[in-house]
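Biologist: I'm new to this one, so could you take me through a single part of it slowly? Here it is.

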Amino acid sequence: MPIQLSFVAVVVTLVSLLSATQTGASVVHYPPTSTNINNLTFALNGSGAPGIFNSSTTPNNDYGQYNWCNMPHVRTREYKTPSRDYNLEYVEVIQRHHKRTPYASNTFFKEDVSWSCDGQGPLYGVKSCQLPQITEGGLEDAITHGKDLRAVYASRLGLSSRLDPSTSKIRVTNNQITSQVASGLVKGLFPGSSGIEALIQSSSSDSLEPTYSCSKANQLKSTITTGSPTWNDHLTAAAALYAKLDAISGIASQDSAGWHSSFDHYYDNMSAKQCHGKTLPCNLNSTSPCVTQEIANTVYRLGNWEYSWQYRDAPESAQYAALKYGAWVLELQGHLQDRISGKSSMKYFHNIAHDGSVSPLLGFLQISKMVWPGMGSEIVFELYSKSTSSHNKGGGSQSHSSDDGTRSYSLRVLWGGQPMETSTPLGTLDMIPVEDFFSYVASMVGSGSDLYAACNQ
């Protein structure tokens with residue numbers, strides 16, 4: 001049975017951050033690597049899907065491949081342990097929820113697909129289902145995700161089978177699907193727990209989802225999309241594809257619900273079906289036309305192109321990501337600093353969020369190859385300590401005195417279970433001096449007061 005979650009309010013992010021005193025930001029955009037993902041010609045006219053879209057299972061030999069239904073995450077088989085000189089001190093995970101039904105706004109007026117909703121039985125027409133809702137398959141993926149994380153980190157961090165709130169925390173957003181995933185994740189990660197408390201922030205100022213007010217970020221989003229010739233040209237170039245999709249779905253070509261401002265709606269509608277082994281949609285007024293796999297693959301390629309443009313390729317994308325997700329990154333930095341200083345005994349912190357959370361974080365870190373983060377996408381921040389002598393402080397890593405000498409700190413960031421490759425001067429985020437990461441954060445967002453001022457300029 002899913003674990004029942006109770007919630008604890010936390011201090012509003014922007015208020016708590018205003019006491020920071022770092023200098024202002026100076027954002028530099030480092031363009032991503034050129035691949036088929038951000039090649040619009042290939043997105044429109046290429047072939048195949050940009051990964052797996054029809055199963056949560058990725059064969060072991062292919063693990064690490066993009067799987068929209070269940071993205072690769074940390075697990076024992078692929079995990080690389082640093083040398084014995086390093087001691088794992090703290091881990092913070094942020095992930096997208098696992099697979100679900102489509103959002104109500106992404107369904108057609110008439111649907112011919114049945115969904116089995118937990119506790120409700122098979123319901124025909126997704127509008128009878130709770131939209132969105134984590135499916136049985138998504139809950140199973142969450143349990144497996146938790147088990148895999150436990151297999152890697154429980155022994156390394158000394159985590160018990162029960163969640164100890166003095167050393168481990170779970171955080172969710174105000175969207176109930178993150179709490180649904182938390183129930184499965186905790187069952188695998190802390191199997192001895194019969195109930196937990198999950199942290200949650202105010203729905204109007206949540207840094208994790210995020211929902212805090214930032215008018216400048218909204219302006220930049222418009223500049224990147226509706227105000228961009230590149231964005232508008234890609235929609236024009238896809239007119240023939242839209243015509244085929246509209247003829248099947250019944251969506252008006254001049255709709256006002258966003259079906260033609262991006263491929264988000266069609267992407268979600270079809271990928272949700274395929275991830276659950278369901279057929280692609282047909283026109284209910286006729287046995288044909290139907291969405292072919294070729295059409296669906298083109299939508300998937302274009303969807304990934306759109307995310308790469310918004311969060312990495314557009315010249316304004318780095319500044320947008322910094323404003324959009326800067327509050328959460330500052331919280332992360334605070335967690336790392338508190339662990340280093342000894343102020344905190346926290347060892348493990350797990351955030352369950354959305355593609356709208358993971359995407360700007362990837363943009364903030366300026367990952368070298370951007371994709372649309374699929375179900376269960378995971379970024380892991382690992383803080384390591386290393387004992388050093390007073391004469392050799394480990395190549396410049398942040399050092400602190402301890403009872404057994406001087407200790408330096410390094411950071412490793414994992415994406416899909418492996419060190420993240422970025423386009424920034426930090427390069428691959430594999431055991432980098434933690435103060436180098438803090439310096440990068442300062443360059444992107446400055447302090448909490450800097451972020452507040454930048455959002456409201």
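I'd like a close look at Tyr307 and Tyr311 in helix H9: by about how much of a helical turn are they separated, and why?

Modeller: They are separated by about one helical turn, because Tyr307 and Tyr311 sit four residues apart in helix H9 (residues 293–313). Helices here are DSSP runs of H or I with at least four residues, strands are E runs of at least two, and both are numbered from the N terminus. Bear in mind that this is a predicted model, where local features need pLDDT of at least 70, side-chain atom pairs count only at pLDDT 80 or more, and totals for chains, interfaces and linings use all residues. Residues are numbered from 1 along each chain as its sequence is written, and side-chain values use heavy atoms, with hydrogens and water left out.

Now the rings. Rings of Phe, Tyr and Trp (its six-membered ring) pair if their centres lie within 6.5 Å; planes under 30 degrees apart are stacked, over 60 edge-to-face, and the rest tilted. Tyr307 and Tyr311 make a tilted pair, with 5.6 Å between centres and 35° between planes. Tyr307 counts as buried because its relative accessibility is 10%, and Tyr311 does too, at 7%. Buried means under 20% relative accessible area, exposed over 50%, and partly exposed in between (1.4 Å probe, protein chains only).

These two tyrosines have company as well: ring pairs link them into a cluster whose members include Phe53, Tyr66, Trp68 and Trp372. Overall, the pairing rule gives 26 aromatic pairs.
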